[in-house]
Amino acid sequence: MRFDRKGILQVKAPVFATKWQIQSFIDKNRGWIEKQQAKKQNSILDPSKVVEYKKLAKQVIPSRVSQFAQKYGFSYNTVKITSATTRWGSCTSQKNLNFTYRLALAPQEVIDYVIVHELCHLRQMNHSSKFWDEVRAIMPEYKKQEKWLKENGASIS
Ligand SMILES: [Zn+2]
């Protein structure tokens, strides 16, 4: 049982299952179904606006990355806007930075934090205490933004 991209419930059943069996299976899982539906409704991501979010992300993120990089002396290769659902940003060993368009729904400080986080990975490809020192030096209040991402991550995916 799962929801498709349009939010329609799909139930896979063996060919010999009767209508009654399928219905009783759905009834038994009513709690799960309602929970999933509530989750979708709480989401602030409007599927019909994905093109706009992507456009916005492309307008905002690369220029912001370049501002931070200049200010704090980071050098990177490229910035790409992705459709990643499980991560906000990533940094490759080739110094390519990726950010999900979903960040377009986050407050500016949160976008800035994700940018700073990935830039700091250019210097520290890990989450060591050295890495967090780098982040803290640029953004002393980064824990607030981390908290926002944790609390709202589900609603923008
Ligand atoms: Zn990281």
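1. Start with helix α4. Of its 14 residues, 12 are buried, so α4 is largely enclosed by the rest of the structure. Note that this is a predicted model. The buried residues begin with Val-110, Ile-111, Asp-112 and Tyr-113, followed by Val-114, Ile-115, Val-116 and His-117. Glu-118, Leu-119, Cys-120 and His-121 complete the list.

2. What covers these buried residues? The cover includes three helices, α3 (50–72), α5 (129–138) and α6 (142–152). Strands β4 and β5 are also among the covering elements.

3. The length of α4 checks out. The helix runs over residues 108–121. At 1.5 Å a residue, its 14 residues should span 20 Å, and the end C-alpha atoms are 20 Å apart, so the two values agree.

4. Now the metal site. Which atoms coordinate the zinc ion? They are NE2 of His-117, NE2 of His-121 and NE2 of His-127, at 2.0 Å. Along the chain, the donors follow the spacing H-x3-H-x5-H. His-117 sits in helix α4, while His-127 sits in the loop between α4 and α5, so this pair ties together parts that are 10 residues apart in sequence.

5. The helical part of that spacing deserves a word. An α-helix has 3.6 residues a turn, so residues three or four places apart point the same way. In the zinc site, the H-x3-H part of the spacing comes before the x5-H part.

6. Are the zinc ligands buried or exposed? His-117 has a relative accessible area of 11%, so it counts as buried. His-127 has 51% relative accessibility, so it counts as exposed. His-121 is among the buried residues of α4.

7. Look next at Asn-98, in strand β5. Its relative accessible area is 16%, and it is buried. Which residues does Asn-98 contact, leaving aside its neighbours within four places in sequence? They are Lys-80, Thr-82, Trp-88, Gly-89, Ser-90 and Thr-92.

8. Lys-95 is worth a check. It lies in the loop between β4 (89–91) and β5 (97–100). Its phi is near 65°, a positive value in a residue other than glycine. Most residues other than glycine have a negative phi. Lys-95 has 33% relative accessibility, so it counts as partly exposed.

9. Last, the overall layout. The domain assignment gives domain 1 as 2–42 and domain 2 as 48–156. The C-alpha centres of domain 1 and domain 2 are 36 Å apart.

Conventions: Residues numbered from 1 in each chain as written. Predicted model: local features only at pLDDT ≥ 70, side-chain atom pairs only at ≥ 80, totals over all residues. Heavy atoms only, no water. Helix = DSSP H or I, 4+ residues; strand = E, 2+ residues; numbered from the N terminus. Buried < 20%, exposed > 50% of the residue type's maximum accessible area, 1.4 Å probe, protein only. Expected span 1.5 Å × (residues − 1). Contact = heavy atoms within 4.5 Å. Donors = N, O, S within 2.8 Å, 3.2 Å for Na, K, Ca; no water. Domains from an automatic or database assignment.
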